Amino acid sequence: MSEFVMENCTVNASGHLAFAGVDTTELAKEYGTPLMLLDEEKIRENARLYKNAMKKYFTGNSRPLYASKALSYKGIYRIMQEEGVGSDAVSCGEIYTAKSAGFDVSNMVFHGNNKTGDDLRYAVRVGIGRIVVDGEEELEELGKICKEQGIRQKIQLRITPGIDPHTHKAISTGRVDSKFGNAIVTGQAEKITRAALSNEGVELMGFHCHVGSQIFETEPFVSASAIMMEFIADMKKKTGFEAAELNLGGGFGVRYVKQHPYFDYEKAIEELSVKIKEQAIRYGVKMPDIMLEPGRSMVAAAGITLYTVGSVKEIPEMKNYVSIDGGMTDNPRYALYQSQYEAVIANKAAEKADYICSIAGRCCESGDLIAENIPLQKAKKGDILAVFVTGAYNYSMASNYNRLPRPAIVTVKDGKSAVAVKRESYEDLIRNDV
Ligand SMILES: *Cc1c(COP(=O)(O)O)cnc(C)c1O
């Protein structure tokens, strides 16, 4: 058992933080900071967990699709492909990245509440597996594009089941009020289903919903699946169309800090399968192939970020600031949502963490923080700070604000490390400047 929030983080014989068995202070020396580290075996483990559980508990072609907005670079698509896991994309940039890595995009699902005509044309042309159509204008435009290209595109329709994942209230107006999808209660879901069935450019495969993110209970997913199965049954009765696929999106929670619970993904999948089978029998519809789109839970706990401490500022009786050579540019989640993180001074990992401080980035923004009032080992200039559970929505949300180059990504596997994404250079920063 690790004393840290991540099992793959331990203290080695030198009293340093080891990540997947490798001394992090050595990695900081070799590759520089800020540095994002990924435990490749952990990502593969997660991919296998989803794949095997879905094979075990669901029918035929049921499968996980990695939600690549969580972390998108060429190597991650190769890992998913090798593990037999599909992917989803929310932009042509992600589709392009996947294609460039040799990923088979017929195993990819394309999302977005406002796909442009160019987006749709590109996705259809490269042979994307499914397009999750968000609204009627998109459906019409896609139908035209498919006719032009002489293709019949397989689609799913984005449905809003009306679940608030945090209060678990069904049909809460809050969740019907969404920029995404077509609500069942307003009749818009039925309307777009009818429109899709009469559109010759597309082949309707089934329905999609996504209730939210960082959810630790199975109940919201179970409720959503029940509402979706009822909708499938209702559409069968009214139109004769029986959905072959039900895509339940992503959202399983991740333990970022020790107060967060453990979430048993396999158990959640089992519970979902039991409920969906019950519903299929109750409503007399066939069991659809199930898709899940885990993003965060696939990669978050496979990543940490290393920084170098530049200064320690103590404001008497107020606050201690430990400033690092990264910040909101590589991890904007605290600035955006006050997301909680735990951290350790990697070169003092065996020492007691009894110094309460806030971690500040180097941008010209007071809000540029990674954490506030967390316990840390007593820090000084030159120390290496490691922030845990940064694999998801960190690098993918990174920016060049203040013209700071994005960090490198280094993967660690079998005691060896390798660059997966190079550190940006100043030359990269001005590449498009004329
Ligand atoms: C964000 C998103 C996901 C992934 O959510 P996680 O919470 O990271 O698992 C999956 N599907 C859709 C449509 C999304 O928008």
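A polar contact is a pair of N or O atoms within 3.5 Å. With that idea in hand, the ligand in this predicted model is a good place to start. An oxygen atom of the ligand and an N or O atom in the side chain of S213 are 2.3 Å apart, so the two fall within the 3.5 Å limit and form a polar contact. The side chain of K69 also takes part, with one of its N or O atoms 2.7 Å from a ligand oxygen. R296 contributes through its backbone instead: a polar backbone atom of this residue is 2.7 Å from an oxygen atom of the ligand. Of the accessible area of 390 Å² that the ligand has on its own, the protein covers 94%.

The wider surroundings complete this picture. The ligand has 15 residues around it, and those that come nearest are K69, S213, E293, R296 and Y393. Sorted by character, the shell consists of seven polar, five charged and three nonpolar residues. As for the place itself, the ligand takes up the space of the largest pocket.

Aromatic rings offer a second theme. A pair of such rings is described by the distance of the centres and the angle of the planes. The structure holds 11 aromatic pairs, including that of F207 and F231. Here the ring centres are 4.9 Å apart and the planes meet at 70°, so the arrangement is edge-to-face; the cut-off for that label is an angle over 60 degrees. F207 belongs to strand β11 (residues 202-208), while F231 belongs to helix α9 (residues 219-239), so the pair ties together parts that are 24 residues apart in sequence.

Methods: Residues numbered from 1 in each chain as written. Predicted model: local features only at pLDDT ≥ 70, side-chain atom pairs only at ≥ 80, totals over all residues. Heavy atoms only, no water. Near = heavy atom within 4 Å. Polar contact = N/O pair within 3.5 Å; in protein donor to acceptor, adjacent residues only side chain to side chain. Areas by Shrake-Rupley, 256 points an atom, 1.4 Å probe, with all protein chains shown as cover. 1 Å grid on protein atoms, 1.4 Å probe; cavity = no way out; pocket = protein on both sides within 12 Å on 5 of 7 lines; lining within 4 Å. Sits in = over half its atoms within 2 Å of the grid points. Nonpolar A, V, L, I, M, F, W, Y, C, P; charged D, E, K, R; others polar. Phe/Tyr/Trp six-rings, centres within 6.5 Å; stacked < 30°, edge-to-face > 60°. Helix = DSSP H or I, 4+ residues; strand = E, 2+ residues; numbered from the N terminus.
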